[in-house]
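Colleague: I'd like to learn how to read a model like this one. Could you walk me through it, beginning with how strands pair?

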Amino acid sequence: MTDAKSSLGEILKDIRNRNRWTLAEVSSMTGLAVSTLSKVENNQMQLTYDRLIQLAQGLKVDIVELFGTAIASGDTQNLLGRRTYNRTGDGRAIITQNYDYLYLCTEISKKSMVPIFAVVRARTLEDFGPLIRHGGEEFFYVLDGELELHTEIYAPLRLKKGESAYFDATMGHAYLSVGEEPAQIICVCSTPETELVSTLESTQTIKHRD
């Protein structure tokens, strides 16, 4: 049994053991390599948002279950008056080579929106690697610093503190910091559970930073 403080690796291993799935079976279900899943379970790798969605949908679980949140029985979509909040520093931290993510309000399952605080680490497309994509739409607001939004359709867009953008997240995209300090953003992703994640053309290299 996992709890809200469990790591992604512990949660994944718990889900897999409860269902008596092998790593190979989870790989077949999710499209993630066995080596990737093994590294996640051993806390040697973290996953980007699009990969977390891919994992959740392959396992047929709500993404918040990967953050250690128990799903209530019944149709939670019909629950009214839901509310949660975060104090400073609360949330589920996910660290990758390109972003430091802090997923917010993870206690609520089956959300229509996924709010994330992020620090943008990558500074060039070469550092970033392949553009990422996932279902739904995405909004971000620059809290501090300056960044460039790169997409596969539009010219790069440079945005400063107080500026924002909204775009189709199935379009390949990347955030790059261009100021002296890494840009900080609040990002809201809409990824309906009824939609399948767009086919991922490639994976970016993930590294774990303690």
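Modeller: Happily. Two strands pair if DSSP finds at least two bridges between them. Helices (H or I, at least four residues) and strands (E, at least two) are DSSP runs, numbered from the N terminus. In S8, Leu147 has Ser177 as its bridge partner. Five bridges pair strand S5 (residues 146-151) with S8 in the antiparallel sense.

Colleague: Before we go on, what should I know about the model itself?

Modeller: This is a predicted model, in which local features need pLDDT of at least 70, side-chain atom pairs count only at pLDDT 80 or more, and totals for chains, interfaces and linings use all residues. Residues are numbered from 1 along each chain as its sequence is written, and side-chain values use heavy atoms, with hydrogens and water left out.

Colleague: Thanks! In what order do the strands of the open sheet lie?

Modeller: The order is S6-S5-S8, with antiparallel pairing. Strand S6 (157-160) and strand S8 (173-177) are the edges, each pairing on one side only. From one strand to the next, the twist averages 25°. Here, axes are lines fitted to C-alpha atoms, for helices over the stretch in contact, and angles run from 0 to 180 degrees between N-to-C directions.

Colleague: Is strand S2 mostly covered or mostly open?

Modeller: Let's fix the word first: buried means under 20% relative accessible area, exposed over 50%, and partly exposed in between (1.4 Å probe, protein chains only). Strand S2 (residues 99-103) is mostly covered, with five of its five residues buried. Tyr99, Tyr101 and Tyr103 point one way, while Asp100 and Leu102 point the other way.

Colleague: And which strands pair with S2?

Modeller: Strand S1 (residues 92-95) runs antiparallel to S2, and four bridges join them. The two are linked by a hairpin of three residues, and Ala93 stands opposite Leu102. S2 also pairs with strand S3 (residues 114-120), antiparallel over five bridges, where Tyr99 faces Val120.

Colleague: How do I read a nonpolar core?

Modeller: In soluble globular proteins, nonpolar side chains tend to be buried together. A nonpolar core is a set of buried Ala, Val, Leu, Ile, Met, Phe, Trp, Tyr and Cys residues joined through side-chain atoms within 4.5 Å. The largest one here has 47 residues, of which Leu52, Tyr103, Phe140, Tyr175 and Ile185 touch the most other members. H4 gives the largest share, six residues.

Colleague: Which residues of helix H3 are buried?

Modeller: In helix H3 (residues 34-41), they are Thr36, Leu37, Val40 and Glu41. They line one face of the helix because, seen down its axis, they fall within an arc of 135°, taken from the directions from the helix axis to the C-beta atoms. Their cover includes helix H1 (8-18), helix H2 (23-30) and helix H4 (49-59).

Colleague: How is helix packing described?

Modeller: Two packed helices are described by the angle between their axes and the distance between the axes. For H1 and H3 the angle is about 115° and the axes are 7 Å apart. Contact means heavy atoms within 4.5 Å. On the H1 side it is made by Leu8, Gly9, Leu12, Lys13 and Arg16, and on the H3 side by Leu37, Val40 and Glu41.

Colleague: One last residue: where is Asp144?

Modeller: Asp144 lies in strand S4 (residues 137-144) and is partly exposed, at a relative accessible area of 39%. Leaving aside neighbours within four places in sequence, Asp144 is in contact with Lys161, Ala183 and Gln184. Asp144 and Gln184 are 40 residues apart in sequence, yet 5.1 Å apart in space, C-alpha to C-alpha.
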